[in-house]
Amino acid sequence: MAEESWHEARLIPTSGINGADEQERRATSALLAVVSAVREFGRTLVKPLGAPAGTIETYIEVPFLLGEKKLYPDGLIRVSRGARSWTALVEVKTGSNALQVEQLENYLDIAKEQGYDAVLTISNEIPAVAGQHPTKVDKRKLRKVALHHLSWTQVLTEAVMQKEFRGVADPDQAWILGELIRYLEHSRSGALEFDDMGETWVAVRDAVAAGTLRPTDKGVADVVARFDALLRFASLRLGRQLGTEVVPVLTRKEQADPTLRAQALTTTLCQSGQLTGAIRIPDTVGQLVVTADLRASRVTCHVDVDAPREGRPTTRVNWVMRQLKAAPDSVRVETFASHARGSSAAELLGAVRQDPAILVVDPAREIRSFRLALTAGMGTKRGRGRGSFIDSVLDATDTFYAEVLQYLKAWSAAPPKLREPGPTPPDAEPTTPQSLSSTEYSSQDGTEPVDAPPAASADGGAESSGQPAEALGHPSQDDAEARPEETLAHAASEQY
């Protein structure tokens with residue numbers, strides 16, 4: 001049999017997984033083992049949870065008694081540094097299994113009794129806002145014990161970024177982390193990507209198209225939350241490819257109170273039929289704004305770019321055009337003028353390439369900024385695959401960054417240049433004696449034209465006056481020959 005059909009031995013095999021329980025147990029054991037074995041990766045996961053920098057120990061299915069019940073959390077993480085230790089219980093779900101409120105509250109009670117610091121949950125559920133838990137529990141149980149959540153997408157993203165971009169010092173540990181990545185990327189591992197807009201997606205979508213959606217309708221809150229979760233998934237996915245932290249953009253008020261973001265998105269969806277959000281990518285010129293128009297069935301990605309602060313309007317248009325050489329002709333370019341409401345002009349990139357002046361409506365008005373947008377068709381299905389809403393948003397985001405955003409750079413003024421003194425004609429005669437010339441360069445040198453000396457007439461007098469040279473304060477030729485010393489002294493006093 002040909003060697004091409006042989007299967008390479010893996011540290012964490014995906015074969016032999018029978019049922020959800022086996023899938024969950026294997027994923028938990030594989031993850032916790034790598035957390036304790038690969039120092040850099042383990043520190044990356046537990047540091048945001050409040051754990052100190054120290055030795056990490058991990059265990060699975062640790063038994064505890066809660067009253068008369070014997071409970072088995074999926075895992076336990078302990079970090080020790082000197083006399084200090086930090087301990088967290090771990091609950092893991094794979095596939096489409098959701099976290100259970102009763103189970104989490106039991107683990108919070110156990111952690112409180114044992115004096116542990118936190119309960120960590122890992123599942124395929126992606127919260128709409130980073131730091132927010134997808135399961136609502138009794139807040140009174142969180143007074144002594146913290147509750148944290150990681151999605152499998154976030155775990156995979158951190159693993160890829162640590163191995164491929166941040167680096168692992170030990171080659172063997174790097175190989176172990178690579179085996180975990182291969183396992184989590186396999187479809188049978190149960191670590192799934194975001195793949196469902198929810199069971200109420202179709203009803204909400206149809207109500208938007210009909211113009212009958214109201215904020216109190218059933219399913220609106222779920223669709224809004226899943227759209228924000230999709231933006232977070234798109235950020236993690238793009239960050240994994242770029243090797244940097246990509247996050248959704250939220251205001252300070254929205255970060256403090258996530259319900260404000262949900263209310264604003266609900267209002268926009270009911271009034272205009274749009275779901276919108278922004279993604280921040282480090283070192284880019286602006287935020288990548290994603291807008292899904294459910295009425296028009298279109299997905300638009302755009303970025304706002306500040307125009308140069310100098311130059312004519314056409315020069316500013318050419319500045320942004322030079323950065324769009326790889327962009328498709330279908331990119332829409334809008335200009336925004338100072339002291340004007342809305343965009344001043346909007347044209348497709350193909351037309352602007354032929355005539356940049358079509359974006360200059362009024363040459364007297366200064367162009368303040370540009371908006372570059374790319375629109376694509378929107379899928380309508382709730383799941384993944386061809387024609388799905390999720391894939392259309394992900395494809396639009398990736399395409400816009402690859403073809404437009406990654407090539408844009410912010411404008412910066414050129415630094416001022418030192419002035420150089422003008423050249424001196426080789427046949428020019430000095431206007432002052434060599435012994436009286438200044439050797440220091442002045443900031444005023446060369447800034448004003450030097451008045452030409454009056455031309456001499458044929459008889460030796462000044463051309464602008466009929467008076468002899470003596471009357472103008474200059475010695476005559478006879479006097480200069482008779483008293484050369486006095487002539488030089490008089491010339492010197494004239495210079496001062």
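Here are three short exercises on the sheet and helices of this predicted model.

**Exercise 1.** Work out which strands stand at the edges of the open sheet, and why one side of each is left without a neighbour.

*Solution.* Start with the strand order: the five strands run β1-β4-β5-β6-β7, with mixed pairing. Now look at the two ends of that list. β1 (55-60) and β7 (146-151) each have a single partner strand, so one side of each has no neighbour in the sheet. As for twist, neighbouring strands are turned by 20° against each other on average, ignoring direction.

**Exercise 2.** Find how β6 and β7 pair, and over how many bridges.

*Solution.* Take β6 at residues 118-123: it pairs with β7 in the parallel sense, over six bridges. For a spot to check on screen, go to serine 123, which sits opposite serine 151 of β7. Then add the helix: α1 (residues 19-37) packs on the sheet and touches β1, β4 (75-81), β5 (84-92) and β6. The direction of α1 makes about 165° with that of β1.

**Exercise 3.** Place α4 on the sheet, then describe how α4 packs with α5.

*Solution.* First, the sheet side: α4 (residues 152-166) lies across β5, β6 and β7, at about 70° to β7. Next, the helix pair: α4 and α5 (residues 171-185) pack at about 145°, with axes 10 Å apart, and the crossing is left-handed. Now pick out the residues in contact. α4 brings, among others, Trp152, Val155 and Leu156, while α5 offers residues including Leu177, Gly178 and Ile181. Finally, sort by class: the contact has nine nonpolar, two polar and two charged residues.

Note on methods: Residues numbered from 1 in each chain as written. Predicted model: local features only at pLDDT ≥ 70, side-chain atom pairs only at ≥ 80, totals over all residues. Heavy atoms only, no water. Pairing = 2+ DSSP bridges. Helix = DSSP H or I, 4+ residues; strand = E, 2+ residues; numbered from the N terminus. Axes fitted to C-alpha atoms, helices over the stretch in contact; angles between N-to-C directions. Contact = heavy atoms within 4.5 Å. Left-handed = near helix turned anticlockwise from the far one by under 90°. Nonpolar A, V, L, I, M, F, W, Y, C, P; charged D, E, K, R; others polar.
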